[in-house]
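These are notes on the model for discussion, set out as numbered points. They cover strand pairing, the ligand shell and one helix pair.

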Amino acid sequence: MMKAVQVEHISKSYGKVMALQDISFEVNRGELFGIIGPDGAGKSTLFRILTTLLLPAGGTAKVDGLDTVKDFKEIRKRVGYMPGKFSLYQDLSVEENLTFFATVFQTTIQENYHLIEDIYKQIEPFKTRKAGALSGGMKQKLALCCALIHKPSVLFLDEPTTGVDPVSRKEFWEMLKRLKQQGISILVSTPYMDEATLCDRIALIRQGKFLNIDTPEHIMDAFGTDLWAIRAQNMYALLQDLRANEQVLSSFGFGDMHHITLKEGYSAAQLRCELEEKGHKGLLLESVRPNIEDCYMKLASQEHE
Ligand code: ADP
């Protein structure tokens with residue numbers, strides 16, 4: 001079956017900045033594929049290449065089997081794109097924005113209303129309000145409706161949940177699940193590592209390179225070493241002591257805990273003893289399952305070496 005997206009050895013630089021370096025991957029039809037990485041990792045550059053708005057310096061990319069350079073006109077009809085920065089016309093109303101996007105693609109709101117109905121219903125009470133006066137969550141819903149109104153076969157969502165409140169973020173991911181069930185292939189990028197597990201497969205991106213591509217479960221299973229969460233009354237002193245301890249391989253802050261890995265042959269019990277001897281109070285040390293952020297940090301530090 002034809003892939004939704006096929007990328008082979010794509011690279012792109014801006015002057016000295018290598019925004020993408022030899023990226024290759026595929027997205028299956030009907031898949032919800034996540035590109036996960038921090039600001040500046042290259043996510044938007046990749047999305048702009050795939051939506052034909054930017055030319056790659058090297059490599060090839062296909063969307064729906066069509067070449068992003070040769071067949072750009074046809075691709076533009078078939079994809080929906082929600083750019084990272086707010087893309088709507090601030091001075092047009094909700095309804096006018098949607099009508100505009102439908103007209104550009106030579107369709108009507110009525111024709112594909114079933115695709116956006118769930119989402120549009122929530123903003124319909126405000127349909128005469130100017131887009132510029134909507135809340136972040138509502139803007140995001142309208143932008144998604146505008147990206148969907150011409151019934152795209154592949155949907156590109158660049159950081160759709162950045163700056164959106166947690167409740168709207170959760171609702172948004174539920175909407176994506178429903179769209180997927182309608183057969184739309186979705187590429188979504190996010191800097192929020194906790195959203196990775198909501199995707200079928202993910203690529204972890206750092207400084208223009210993919211660290212790994214797999215299902216979130218496989219990535220977490222492949223962590224490879226025991227991971228511990230540790231806390232003490234004085235977290236700052238604890239971090240100093242962990243960093244000074246040569247038996248501690250890595251330590252990263254996660255909320256109110258530090259996540260650490262230990263050298264082989266050095267036990268958590270030994271560490272606890274040593275920290276107690278140093279006078280740490282309220283020590284909590286427990287084994288935890290690595291999350292995607294742990295995996296990202298580990299892969300990033302290996303890459304660095
Ligand atoms: P992300 O979407 O993950 O934040 P981008 O693709 O926007 O990443 O950026 C990747 C890198 O390329 C960053 O270092 C960024 O500063 C740089 N960059 C992006 N766009 C431009 C541009 N138009 N000119 C110069 N540098 C750019």
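1. In this predicted model, one open sheet is built from four strands, ordered β2-β1-β4-β5, with antiparallel pairing. Its edges are β2, residues 17-27, and β5, residues 66-67, each of which pairs on one side only.

2. At the β5 edge, the partner is β4, residues 58-63; the two strands pair in the antiparallel sense over two bridges. Within this pairing, K62 is the residue opposite D67 of β5.

3. Which residues are around the ligand? They are Y14, V17, A19, G37, D39, G40, A41, G42, K43, S44 and T45. Two elements, β2 and α1 (43-50), give two or more residues to this shell. The largest share is that of α1, with three residues. Strand β2 thus appears twice in this note, as an edge strand of the sheet in point 1 and as a contributor to the ligand shell.

4. By residue class, the shell around the ligand holds four nonpolar, five polar and two charged residues.

5. Helices α3 (residues 94-104) and α5 (residues 136-148) pack against each other, their axes 8 Å apart and at an angle of about 25°. Angles under 35 degrees count as roughly parallel, and α3 and α5 are therefore roughly parallel to each other. The crossing of α3 past α5 is right-handed.

6. On the α3 side, the contact is made by V94, N97, L98 and F101, and on the α5 side by L142, C145 and C146. What is the make-up of the contact of α3 with α5 in nonpolar, polar and charged residues? Six are nonpolar, one is polar and none is charged.

7. Another open sheet has four strands in the order β12-β13-β11-β14, again with antiparallel pairing. Here the edge strands are β12 (248-254) and β14 (284-288), and each pairs on one side only. Direction ignored, neighbouring strands of this sheet are turned by 30° against each other on average.

8. The edge strand β12 pairs with β13, residues 257-262, in the antiparallel sense, and six bridges join them. One point of register can be given for this pair: S251 has I260 in β13 as its bridge partner. For the β4 and β5 pair of point 2, the count is two bridges.

Terms used. Residues are numbered from 1 along each chain as its sequence is written. This is a predicted model: local features need pLDDT of at least 70, side-chain atom pairs count only at pLDDT 80 or more; totals for chains, interfaces and linings use all residues. Two strands pair if DSSP finds at least two bridges between them. A residue is near a molecule or strand if its C-beta atom, placed from the backbone, lies within 6 Å of it. Ala, Val, Leu, Ile, Met, Phe, Trp, Tyr, Cys and Pro count as nonpolar, Asp, Glu, Lys and Arg as charged, and the others, Gly among them, as polar. Axes are lines fitted to C-alpha atoms, for helices over the stretch in contact, and angles run from 0 to 180 degrees between N-to-C directions. Angles under 35 degrees count as roughly parallel, over 145 as roughly antiparallel, 65 to 115 as roughly perpendicular and the rest as oblique. A crossing is left-handed if the near helix is turned anticlockwise from the far one by less than a right angle, and right-handed if clockwise. Two residues are in contact if their C-beta atoms, placed from the backbone, lie within 7 Å.
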